[in-house]
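Colleague: Could you take me through one part of this model closely? I would like to look at how the pieces touch one another.

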Amino acid sequence: MNKSRKTANVIITIILAFLSLIFIGPILMVLMNSFKGKLFISSEPFKFPTFKQQDLGEAGIMPKTFVGTKNYVSGVEKTNFWGAFGRSVFITVFSVLLIVVLTSMTAWFITRAKNHYASVLYYLFVFLMVIPFQMVMYSMTKIADVLHLDNPVGILVLYLGFGAGMSVFMFSGFVKGIPTDIEEAAIIDGCNPLQCFFKVVFPIMKPTSITVAILNTMWIWNDYLMPYLVMGKDYPTIPVAIQYLQGGYGSIDMGAMMAVLILAIIPIIIFYALCQRQIIEGVVAGAVKG
Amino acid sequence: MQKVLRKYWAIFTLPTVICFAIAFLIPFITGLGLSFSNFTTVTDAKFVGFVNYKKAFSGDSDFLPSLGRTVLFTIICMVLINLFGFILALLLTRKMRGTSFFRTIFFMPNLIGGIVLGYVWQLILNGILMKYNQTLTTKGSYGIIGLIILMCWQMTGYMMVIYIAALQNINPDMIEAAEIDGASSWQTLIHIKIPTIMPAITICTFLTLTNSFRLFDQNLALTNGAPGNDSALVALDIYKTFYGTTGYAGVGQAEAVIFTIILAVIAVIQLHATRRKEVES
């Protein structure tokens, strides 16, 4: 029994190791191709870069396909990558901060105030979670134009508004589960609701805040359509910059594309390596409560 | 406390509510109105009744074909992703080394955005198809199959972590008792594990359902609907109707309304499914 279990574990580990290759493989392929000359990427995507030129006899000479960091230089230049990177960081960080602080306040009010205003709001936020972006994208873009929200600061308003649904829902789910005693004691001791919220409630909410922050970071960092429609060419974020690299008709610079894809993936891998446990726990919590 | 708190309503709710109104509520109501109008900008809209809806369902519109494709795509993704995710979860909840390492690897694709993933897989799939002198855009079905592969690769890890959490929550006494009674591992799976994690199965089913149904970024980056509009799912088709042809924004908006209604119906079914499970358990 014990022996057969061990054999089974070895076989399963081998299968899982093979599957891991399938899961990382595509990223490694892009990494490998990002060091090849742009003409050799589409034609031979599965070949390693060559470091010496080959004499193919009558077919001529096959030049070496390794180009060093040339693709990275041209990719960064063509997409103005660091600008896009800075913009993505700015928008993600500040949207998430605003969402966590403001929607947790709203959720606490909604759950504790228990009046008509609160319940109408609650159902509106739940309703928002169901609506696809396509439903509002046209009018939202026009309104954003009129209100001059078509820049990295203005779009924070839209992310807060559109992210409010899921975030309010998750925070209220948490607030419903905590007893009111401590809050009431704080009010009796002379705290006003604002002090009570930030000194007593907000610290207790920390696990939910982390979940909300992670889910919103994953959404906003990778979001394409909203920043594209609202800010377009003027202020591209990373996904928008990548799409513009493809956008031009005719020949697309595959070398620059591969390099930019890798540059876009690196920050995500670092983020994942740093908060892997919180990310996976957050995703599970979000799925179970959402 | 309620009385004191209600006086503070503005501080607690107004910032969120104003942004919510700008980003969602006003655009939603305007959008609903525009679906019954003919317009090139919001200000020159003229009421035309159900004309846009008729156009959306007419024979020369791509809306119904893309909706059909999306339904098929969604069903396949739902089945495959949940199956793979569950099998991986079963393997990774065994007592053996390296499970957390594998879990980390399998979950990783979820963090990468749809646009990036679309181009990553465009390289891989075109590289494979090249051996047969084809590309992803030779046939519409290639693009859809490519998207299914991409979605399985991306979302299997997501479902896997939810299934792992559910499997780890099963009371080990139950499984031990079954083993003592002589149940095979297959019987334990069918009669104990699967019934116990039914709520997780419901959650994952709806999660894959809505995510596949709403899919946009991956579709845009992988094929952008080519050839023609043959590999466009409904979200991309709506986008193209909006911005592709002048004068068709109203039709796009009407299609978006129908899309919204379908998703709302799915959400109501989901609510009932999860509520019923809660009552039972």
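Modeller: Happily! Let us begin inside chain A, where 10 residues of domain 1 are in contact with 9 residues of domain 2; contact means that the C-beta atoms of two residues, placed from the backbone, lie within 7 Å. This is a predicted model, in which local features need pLDDT of at least 70 and side-chain atom pairs count only at pLDDT 80 or more, while totals for chains, interfaces and linings use all residues. Residues are numbered from 1 along each chain as its sequence is written, with chains lettered from A and ligands numbered from 1 in the order in which they are written.

On the domain 1 side of that contact in chain A there are 5 nonpolar, 4 polar and 1 charged residues (nonpolar: Ala, Val, Leu, Ile, Met, Phe, Trp, Tyr, Cys and Pro; charged: Asp, Glu, Lys and Arg; polar: the others, Gly among them). Domain 1 of chain A covers 2-68 and domain 2 covers 71-289, with bounds from an automatic or database domain assignment. Their centres, taken over C-alpha atoms, are 36 Å apart.

Now to the contact between the chains, to which chain A brings 69 residues and chain B 72 residues. Helix α1 (residues 2-33) gives the most on the chain A side, with 12 residues; helices here are DSSP runs of H or I, at least four residues, numbered from the N terminus. That whole side of chain A divides into 50 nonpolar, 14 polar and 5 charged residues.

Definitions and conventions. Helices (H or I, at least four residues) and strands (E, at least two) are DSSP runs, numbered from the N terminus.
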